[in-house]
Amino acid sequence: MPPEYRDLVEQSTYGHEDRGWKDIGNSKELIEAHSLCAGCPESMAFRYILASLPNPEDTVMVGSTGCTSLVFPMVAVHNIHSLFGNQNAVASGLKRALTVRFPDRIKDVVVLAGDGATVDIGLDMTLQAWFRQEKFTTICFDNELYANTGGQESGLMRKGFVAKMAPTGKKFDKVRLPEIARESGCCYVVNLTVSKPSLVEKVIKNAVLLAREVGPTYIQLYTPCILEIGKNSMEGLQEMRDSEKPGERFNYKEYITDEAKQYLADLDAKKKSAVIPAAQLTE
Amino acid sequence: MANELSETQKSQIGKQNKKGQTYTDPNHLFFKAPRTAAFYTGSEVIKEAIRRASVDVMVAYPITPQSEAAALIGELYAEGYVADYMRGESEFAVMGQCAGAAFGGARVFTTTAGPGTMRAMENFPMWVGSRLPIQMIVTCRGINSPLSIQPDTLEMYFLLGTGMLMWHAETAQDFFDWMLMGYIVSEQPDVHLPLALCCDGFFVTHTKDTVMLTPPEMCLPPYDPYRSPVVCMDMESPPVRMMRDPFIMKSNYISYMTHASWQEETRAACERSRKHTIPLIGGLIETENVDAEILIVASGTAVSQGREAIRLLEDEGIRVGLVKVKSLRPFPFEELREATKNAKHIFVPEFNVIGWLATELKAALPDNHRIIAGPHVAGGMTMPAEVIVRKNSDLSGVFGYYAAGVS
Amino acid sequence: MQKEKYRVVAGPEAYFVPSAARMGIVLPEPGEAHIEGTIVPEEEAMEFAARKLIEAKNPTIHPGPLVLWNWNEKAAKKAKAIKILADAIPARMIPMADYRPKYPKINPEVEINPNHPNLTIWHNKEDVCLFVGVHCHMANLSLKIIRGGTSCFTIAMCAQAGHEDAMLSFRDATAEKILRLAEWVSKLKAAPSVRPAEKGTGDGAGRKSEKVFVK
């Protein structure tokens, strides 16, 4: 067997209760390699997310067409690409099938797609899955443009930004998807960058746990396309830090319903009480 | 022996589902179980077939003329015969939801029609490439502008190239039998393709007919996703590092070769369905009097009208044979060559403006000057048997020629 | 229209290989196998396959994910049987660990994969190979590509309905069936008429097969 499979058996973090971003570098990662540009913040985001999934051994991911789909073949979690923009429709069917087939077990479904897939071509299916209260997490890698096709305008692009297909600057505001998500029935919505791995870990864990029991969750992560905004490989982190300052587009923003808050508080309380074995926490 | 069950499926035979139905060996269910006559609309027949099909997930969306059938499956869900049921938001989304459920190892059912089929079109080659054995009923209706809800089979033309299995039902009885048989064929590991089971909207869906039903207390064995030719996406089967389906995007010969082989393999799977389909639906075509020099070759309700025309012509002393094309994908090349070898004139009546069946036949049969495309009707027009008789005579004088006893 | 029956033979066959199913080859029924597209009793194919494997310069087994992982009892039993077969021949084992395009490249000495722009089956030095435990769709892709571009004789030990795109295919494979093939290998090796070929490059089948990796 190729060495990466031996490593996966011997050193991966499947089944570890306390897995998290700090495993990166010590344990076998669930992402083997990536073919993204050097320094692409998306690659960091991918690693943090895969390290943070609470239950990767029973998680199926759904992606969409774009830069992310060049990474997904390397991911050691079953994942689906079918068409551009239909990810939340596929995830709806998938979650239902897994619920029918495994009624007594937890099977997490996590969507991870770019902003074009989530907000433009797939917006209908993104919103409808939330309206229907489909129990899975939607993660949007927001790089504010179509990266894989070469930097065209997207709905999440800033107003005024000059890009392909916006030759005189984008004419309308960045779509306020986090607010739309809140109004569409998501019980937990967070808008952030991937500059702080521990924060990403906490948010992803919350989102997946809440999607199991409470309702749909939405996470929008700024993963700037350094190539298309004219930055160098080393500048991705600074770009994210700059954009999360107060008043900026990716200043940390969280919406959570009372029910979701209560659910997380209950989980926390259970975790602190020693009588309950850790294994039951996520079940 | 075609149409085998897996060990897992065999172990289910004789057991009961939660509705008290008994998982029954398909061959017993289809050919030996007692049948009872019922007088039902086509939509009700779809419901009765699904009651017996052990379907896990059905995704519905309203579009005439399939809305009634899709809603009736909802009643089955409420009664507990279908494990999950939802209304999607558009046909594009519906077919994505079906794909998701099939990726997750469920037996999936959906219905669509006309503009819905067209809206969903991007999904069908994806279903095929991903080897998802979804069953989709297509109750054909007009797709042109101006909008029409009336029967018209033009949409089938667009499905012919998707790689799906495609059968064209003539009657509600075909429908009932083929829906159940369709799952058995399309879930075979060497086939594992989606099936578009087509019928002419309204003519089949909204008219009542006598249909011989299998006992409601018997149902198909459940789907076994672990003999699929591709990985079931449930994190229960290896390999774990698995993307359905990966991009092969390097710009070199072997990448293109992988894509080409992939497409070739899905078409090969369609070919392999022949041996499973033939014993179940009784051949890819059905023939009557093909020793006659004049033949009518048709599919769907055009077959029924052809039968009627043949009866009228018989009254005039003209003998005409009939070929009913049941399967369009796989296409019955050999069967059609054999059935038409004596024919001097082959008429192809169709419910669409372009005559796609005649085009297919012209490409498949030798001496294709024998093929007379038509008559055509479209946009919901009926096709009275007299039109077939008259048009043929007008066009070619053939019937007059034979009626005069010259041969 | 009646043409000569198509034969599934070792390539290199064509720039773009037609699938054997489209050329009219039909899969065997239970108890049967096929050799070059002709249906034969399973025992006949056993003998033929064993002879091919023994006489090969570089016989290679490609175990796929379904037998590389201990995901059910049958898989573990099959993996053990494959090891016995590989030792009996003796054959090299190059696994098809998964089906992903792997960047920047795969090492054909270590693994093969139909979705990879590098399906060179051990630098095209395999003359006889056997697929086992590969999902049918992926096996068919690989078998077509190999038939198109190489002269390798392909054998499929399929747990389902078999493969027309292999030059020889069994169906309904079980651990017992794999062991029966191993027995045929041992039996024929004892017979004076069947002689192993001169081994190719020295780093080929002569060396002991790698261990099947079971979780």
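**Burial, backbone and fold in chains B and C**

Colleague: What share of chain C counts as buried, and what makes a residue buried?

Modeller: Of the 215 residues of chain C, 55% count as buried. A residue is buried if 20 or more other C-beta atoms lie within 10 Å of its own, exposed if 12 or fewer, and partly exposed in between, with C-beta atoms placed from the backbone. This is a predicted model, in which local features need pLDDT of at least 70 and side-chain atom pairs count only at pLDDT 80 or more, while totals for chains, interfaces and linings use all residues. Residues are numbered from 1 along each chain as its sequence is written, and chains are lettered from A and ligands numbered from 1 in the order in which they are written.

Colleague: Thanks! Why is B:Met235 called buried?

Modeller: B:Met235 has 21 C-beta neighbours inside 10 Å, and the cut-off is 20 or more, so B:Met235 is buried.

Colleague: And why does C:Glu36 count as partly exposed?

Modeller: C:Glu36 has 18 C-beta neighbours inside 10 Å, which falls between the two cut-offs, so C:Glu36 is partly exposed.

Colleague: What makes the backbone of these two residues worth a look?

Modeller: Most residues other than glycine have a negative phi. Phi of B:Met235 is near 60°, a positive value, and phi of C:Glu36 is near 55°, also positive. B:Met235 sits in the loop between E10 and E11 of chain B, and C:Glu36 in the loop between strands E1 (32–35) and E2 (38–41) of chain C. Strands here are DSSP runs of E with at least two residues, helices are runs of H or I with at least four, and both are numbered from the N terminus.

Colleague: Which peptide bond involving B:Pro239 is cis?

Modeller: The bond from B:Pro238 to B:Pro239 is cis, with omega near -5°. B:Pro239 is in the loop between strands E10 (218–219) and E11 (243–244) of chain B. In chain C, a cis bond joins C:Ile89 and C:Pro90, with omega about -15°.

Colleague: Which residues of helix H13 in chain B are buried, and what covers them?

Modeller: In H13 (residues 356–364), B:Trp356, B:Leu357, B:Ala358, B:Glu360 and B:Leu361 are buried. Their cover includes helix H8 (154–159), helix H12 (333–339) and strand E17 (371–376) of chain B.

Colleague: Back to chain C: how many helices and strands are there?

Modeller: Chain C has 6 helices and 7 strands. Residues 24 or more positions apart account for 67% of its contacts with a separation of 6 or more, a contact being two C-beta atoms, placed from the backbone, within 7 Å.
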